[in-house]
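Got your viewer open? Here is a short walk through the model, with something to select at each stop.

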Amino acid sequence: MPSSTVRWGTRLSLLAGGVAVVLSLQPHLFSQQAPLTFNDDTAQEVRTYCYQSVRATAADAELNNNNNNNCFSVSSKNGTFTRVFSSSSSARGREEEGGEENEIRKGHVLPGLWDGHGHLIQYGEFLHSADLFGADSPGEVRRRLRAYLGANPGVGTRESWARGIGWDQMVLGGMPFADMLEEDEVLRGKYFMLDRVDVHCTWVSRAVLDLLPEDLPEEVPGGEIVRTPGMGVFCDNAMDLVMALWPRPSKERKTAFVASAMRELHKVGLVGMHDAGVLPSDLAMYDEMSRTDDWTLRVYAMVECPERNTFCPGEAAKVEHPDGMLSVRSVKLFADGALGSWGSAMIEPYSDRPDTSGSLLVNASTLTSLAQSWSAAGFQVNIHAIGDLANRLAIDALEAALRDLCPDSPDLSACQARHRFRIEHSQIIHPADQKRMHAIGIIPSIQPTHATSDMAYAALRLGEERTRTEAYRMRSLLDIHPVLGSDFPVEPPSPFEGLYAAVTRKNPRTGSGPPGHEGGWQMEEALSLEQALDGFTRGAAWGGFMDGKAGVIQQGAFADWVVLDEEIGGVGAEGLRGLKVRETWVGGKRVYQREEESLVEAKEDL
Ligand SMILES: *[C@@H]1O[C@H](CO)[C@@H](O)[C@H](O)[C@H]1NC(C)=O
Ligand SMILES: *[C@@H]1O[C@H](CO)[C@@H](O)[C@H](O)[C@H]1NC(C)=O
């Protein structure tokens, strides 16, 4: 997958030394914003902010119109917007806000952005892992792992395996294997577990292999033990063999992962995320952390049972914090694996591997009964489905669950609007099943950068016809509230890269489409900027039962916003991918401020 080169650049090397320092700065950042300190001025209950422009919703156009609202007030008691208004009516505003001057702050405001599908702990772990994205030779992998061990003393032991992520056999020039790491004397004998770019395979070192039983099964249902050119790679269900031996990070370490992840996510304008699969034990940790000042990102978490694709309601308490910082009311089920490793379940065989049509991780009857059980227990059901067979079975399962929930309703779409079942990824869907999704209103949860990362090989896997009629729909799904996201750490979390990919259908890292489609791939499925922004704001809010509260700047909504240097509608499609966030605010508190010479000067200018 040549498109994945330099996904992450030097981000990780920066972080290796930076995490501890920046984390210790964070409380300082907050104390500046703490509303109830020192004097009357900061103790006021309502604070008012005016900017050069405020885009209250994705579609809020004509921003340069004088009648447009560019100010809002925020309750510091409950962190919601109390009023949205225009500075041209500020005489009235001043009176109401107790004489406060509504100075115009530099910058242009968007509603707080959401990632509709990501993995918080894994992203944090990624930030603390070896970065193998774009590594294009075994030597390059070894060089990066040596550097990683150098920067992380004590890692690589039996108690604390070294983790990495981002390798891809297509970039690497061949499938890796355990002994590839033994050639280097620094790496030799160390414990490594290195995830493929799509996290559907893991590559382990000789030391880890030696912990596995001698009599590994020949076949693993729903998975694969790769044996050529040598042992070392385990895919999908076969990863469980390795995971069973992996010494889990301690709670302290996971807490550090979460804190690092939140800090990085705020930098790209995210105020919230849908966490697509969290174990009950981690949810307990979230619940604890969410009551502290370290928890600065809104998290809508989907429960994932310790044993995948099971029913574990006893371990899955629903959570709904009134301040909207943590919500748990949904479950994640998994129908299949990923396209890159031929793991997605297809109705017809792969075009480039006619011997296989991928594999399901669960059979149709189990998937349906799980959807029924979870929805009867009051959970939103969200099913991972990539291949067209997986999507078909997911729709079958969700439809059956809706019929159970609303037995007297001839119109399942009204029932679905209340329960909001989702298909995570919704990547390759047979035209007949696309019709069913539209009819019922099943929510597609889509990652625009997956389309632009996969476009280089999608047509090889799927053939021309399936690619054209089934793959990576976006515009044609607009009527059923698509939720947009990135699937971080599989893709970088920046919603601006996602917006760029959705609008241009080009790779945000290269600025180009695949060969033959340099100007953009499947442009008939591209979104407008407003439509794409909607997916990262109100679409995510709808899919997380926060419509009217999140992704919008209006009275009563969570006071979350993002400040950019420029009005997003004015930067042009190419400008989207380079956009830098000035500030990110969550619940009326500033959680990120870009520290740059230019910004400091700009502030002094005001
Ligand atoms: C939040 O507090 C403000 C006053 O500070 C009040 O007007 C508003 O109704 C409150 N909103 C909610 C959702 O409690
Ligand atoms: C589906 O899988 C379940 C659990 O693995 C098994 O008990 C059941 O027999 C399977 N059903 C069919 C129709 O294969």
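How far is an oxygen atom of ligand 1 from an N or O atom in the side chain of E45? Select that pair and you should find 2.6 Å between the two atoms. Before going further, keep in mind that this is a predicted model.

**Stop 1: ligand 1**

Stay with ligand 1 and show the residues around it: E45, S75, N78 and T80. By class, that shell has three polar residues, one charged residue and no nonpolar ones. Now pick out S75, where a polar side-chain atom sits 2.9 Å from an oxygen atom of ligand 1. Then try N78, which has a polar side-chain atom 2.4 Å from an oxygen atom of the ligand. Ligand 1 on its own has 360 Å² of accessible area, and the protein covers 47% of it.

**Stop 2: ligand 2**

Next, select ligand 2 along with N363, S365 and T366, the residues around it. Start with N363: an N or O atom in its side chain is 2.3 Å from an oxygen atom of ligand 2. For T366, the distance from a side-chain N or O atom to an oxygen atom of ligand 2 is 3.3 Å. Taken alone, ligand 2 exposes 360 Å², and the protein buries 22% of that.

**Stop 3: the cavity**

Leave the ligands and look for empty space. The structure holds one cavity of 30 Å³ or more, and about 70 Å³ of space lies in the largest cavity. To see its walls, select H425, S426, Q427, I446, Q447, P448, H450, A451, Y472, R473, M474 and R505. Color them by class and you get five nonpolar, five polar and two charged residues. Which helix gives the largest share of this lining? That is α15, residues 448–470, with three residues.

Two of the lining residues deserve a click of their own. Q447, part of the lining, sits in the loop between β18 (443–446) and α15. Its relative accessible area is 3%, so Q447 counts as buried. Show its side chain and you'll see a polar contact with the side chain of H425, at 2.6 Å.

R505 also lines the cavity; look for it in the loop between α16 and α17 (529–536). Is R505 buried or exposed? With a relative accessible area of 1%, it is buried. Check the backbone here too: phi of R505 is near 50 degrees, a positive value in a residue other than glycine.

**Stop 4: more backbone to inspect**

Another positive phi turns up at D236, near 45 degrees, and again the residue is not glycine. You'll find D236 in strand β11, buried because its relative accessible area of 13% is under the 20% cut-off.

Now for the cis peptide bonds. One joins T228 and P229, with omega about 0 degrees. P229 belongs to the loop between β10 (223–226) and β11 (233–236). A cis bond also joins F488 and P489, where omega is about 10 degrees. Go to the loop between β19 (483–484) and α16 (495–504) to find P489.

**Stop 5: a contact from helix α4**

Finish at E125, in helix α4 (residues 120–127). E125 is buried, at 13% relative accessible area. Turn on its side chain together with that of R163, and you'll see the two make a polar contact at 3.5 Å.

Notes
Residues are numbered from 1 along each chain as its sequence is written. Chains are lettered from A and ligands numbered from 1 in the order in which they are written. This is a predicted model: local features need pLDDT of at least 70, side-chain atom pairs count only at pLDDT 80 or more; totals for chains, interfaces and linings use all residues. Side-chain values use heavy atoms; hydrogens and water are left out. On a 1 Å grid over the protein atoms alone, a cavity is a set of points where a 1.4 Å probe fits but cannot get out, and a pocket is an open set with protein on both sides within 12 Å along at least five of seven lines; lining residues have an atom within 4 Å of a point. Grid points are joined across faces, edges and corners, and a volume is the space filled by probe spheres set on the points. Helices (H or I, at least four residues) and strands (E, at least two) are DSSP runs, numbered from the N terminus. Ala, Val, Leu, Ile, Met, Phe, Trp, Tyr, Cys and Pro count as nonpolar, Asp, Glu, Lys and Arg as charged, and the others, Gly among them, as polar. A residue is near a molecule or strand if one of its heavy atoms lies within 4 Å of it. A polar contact is a pair of N or O atoms within 3.5 Å; within protein, one must be able to donate a hydrogen and the other to accept it, and residues adjacent in sequence count only if both atoms are side-chain atoms. Accessible areas come from the Shrake-Rupley method with a 1.4 Å probe; for residues, only the protein chains shown count as cover. Buried means under 20% relative accessible area, exposed over 50%, partly exposed in between (1.4 Å probe, protein chains only).
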